[in-house]
Amino acid sequence: MSDLPSCSSCRDLGEDDFALSMAFQPIIDVSQGQVFAHEALVRGIAGESAASQLERVDADNRYRFDQRCRIKAVEWGARLNVPARLSINFMPNAVYRPETCIRATLEAAKRVNFPLERIIFEVTEQEQVLDLDHLCGILHAYRARGFLTAIDDFGAGFAGLNLLADFQPDLLKLDMALVRGIDCDNVRQVLVEGTLGMCRRLGITVIAEGVETRAEYDTLREMGIDLFQGYLFARPQFQGLPEIAYPA
């Protein structure tokens with residue numbers, strides 16, 4: 001197992017550690033014409049970008065940052081009465097023992113009365129996974145508790161097919177680099193069609209994220225994708241739920 005810190009790093013959260021807030025962006029089910037989930041996206045307390053917050057993260061504070069983000073996501077999700085599901089990102093290298101590190105999330109959900117069965121745990125592939133077996137253990141533990149699991153940024157990250165070989169998530173989000181300009185890019189079309197075929201056989205639902213144009217949407221919809229996220233439908237809204245533009 002990787003050289004990870006003791007659980008106290010996750011539990012000892014000072015009130016002044018990472019004064020964060022959240023923005024929310026919907027994932028919509030176009031086949032049903034309704035929201036499937038809202039993804040909680042970290043922001044500064046005055047709406048500063050995610051990048052400005054992530055650049056403060058290092059090996060010494062990664063665990064506290066990850067915990068604080070989870071708690072804030074649940075708190076704001078409850079405050080805004082987020083419909084359907086709430087998708088929470090987590091950093092795979094910021095979990096020591098899944099059952100211990102999830103404790104603060106469970107306590108926050110109980111405190112604000114947010115239903116646990118509506119939480120999705122979403123792992124980004126853009127953080128280098130130090131221990132793939134450890135990540136699979138985390139995802140298995142979350143699934144055992146009844147949470148949906150998702151892999152973000154598929155096609156641009158470190159784990160890729162190696163991760164899918166050992167764990168099949170409920171949801172897989174195509175990286176926006178695969179989506180961008182797919183309507184006029186045969187190579188991207190072939191890659192996405194291959195991914196969709198693989199996911200259908202594995203029982204994984206695909207989300208197209210980063211969709212910005214109607215042509216991208218139409219192409220992906222013709223391929224059979226139902227779940228979408230991107231500026232075409234709604235931009236993230238700081239401390240609120242944006243109005244959604246459903247395609248005609």
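This is a short walk through one predicted protein model, from its overall make-up to its pockets and a few single residues.

I'll start with the whole chain. The protein has 248 residues, and 52% of them are buried. Its secondary structure comes to ten helices and nine strands. If you take contacts between residues at least 6 apart in sequence, 71% of those join residues at least 24 apart. The exposed surface is about 11300 Å², with 46% of that supplied by carbon and sulfur atoms.

Now the pockets. Rolling a probe the size of a water molecule over the atoms shows where empty space is left. The largest pocket here holds about 940 Å³ of space. Its lining runs to 35 residues. Which of them lie nearest the centre? Those are Glu 39, Leu 41, Ala 50, Asn 89 and Asp 152. By class, the lining splits into 17 nonpolar, seven polar and eleven charged residues.

Several elements supply at least two lining residues each. On the strand side they are E1, residues 20-29, E2, residues 34-44, E3, residues 85-90, and E5, residues 148-154. On the helix side they are H2, residues 50-54, and H3, residues 62-79.

The second largest pocket has a volume of about 150 Å³. Its lining includes Asp 29 and Ser 31, then Leu 196, Cys 199 and Arg 200, and further along Ile 204, Thr 205 and Val 206. Gly 224, Ile 225, Asp 226 and Leu 227 also line this pocket. In class terms that is six nonpolar, three polar and three charged residues. Helix H9, residues 186-202, and strand E7, residues 205-208, each give at least two residues to the lining. The largest share, three residues, comes from H9.

Staying with H9 for a moment, Met 198 sits in that helix. Met 198 has a relative accessible area of 23%, so it counts as partly exposed. Setting aside neighbours within four places in sequence, Met 198 is in contact with Phe 154, Leu 161 and Leu 164.

Next, helix H5, which covers residues 103-112. Which of its residues are buried? They are Ala 104, Thr 105, Leu 106, Ala 108 and Ala 109. An α-helix has 3.6 residues a turn, so residues three or four places apart point the same way. The cover over the buried residues of H5 includes H3, helix H4 at 98-101 and strand E4 at 119-124. Just after H5 comes Asn 113, with a positive phi of about 60 degrees.

That brings me to backbone angles. Most residues other than glycine have a negative phi. Asn 81 is not a glycine, yet its phi is positive, at about 50 degrees. Asn 81 lies in the loop between H3 and E3, and is exposed because its relative accessible area is 60%. Asp 153 also has a positive phi, near 55 degrees, and is not a glycine either. Asp 153 lies in strand E5. Is Asp 153 buried or exposed? Asp 153 is buried, because its relative accessible area is 9%.

On cysteines, a disulfide is a covalent bond between the sulfur atoms of two cysteines. The count in this model is zero disulfides. As for where two of the cysteines sit, Cys 69 is buried at 9% relative accessibility, whereas Cys 184 is exposed at 66%.

One last residue is Ala 215, which is in helix H10, residues 214-222. Ala 215 is partly exposed, at 33% relative accessibility. How far apart in space are Ala 215 and Asp 183, C-alpha to C-alpha? The distance is 5.8 Å, although the two residues are 32 apart in sequence.

Key. Residues numbered from 1 in each chain as written. Predicted model: local features only at pLDDT ≥ 70, side-chain atom pairs only at ≥ 80, totals over all residues. Heavy atoms only, no water. 1 Å grid on protein atoms, 1.4 Å probe; cavity = no way out; pocket = protein on both sides within 12 Å on 5 of 7 lines; lining within 4 Å. Points joined across faces, edges and corners; volume = space filled by probe spheres on them. Helix = DSSP H or I, 4+ residues; strand = E, 2+ residues; numbered from the N terminus. Nonpolar A, V, L, I, M, F, W, Y, C, P; charged D, E, K, R; others polar. Disulfide = S-S within 2.5 Å. Buried < 20%, exposed > 50% of the residue type's maximum accessible area, 1.4 Å probe, protein only. Contact = heavy atoms within 4.5 Å. Areas by Shrake-Rupley, 256 points an atom, 1.4 Å probe, with all protein chains shown as cover.
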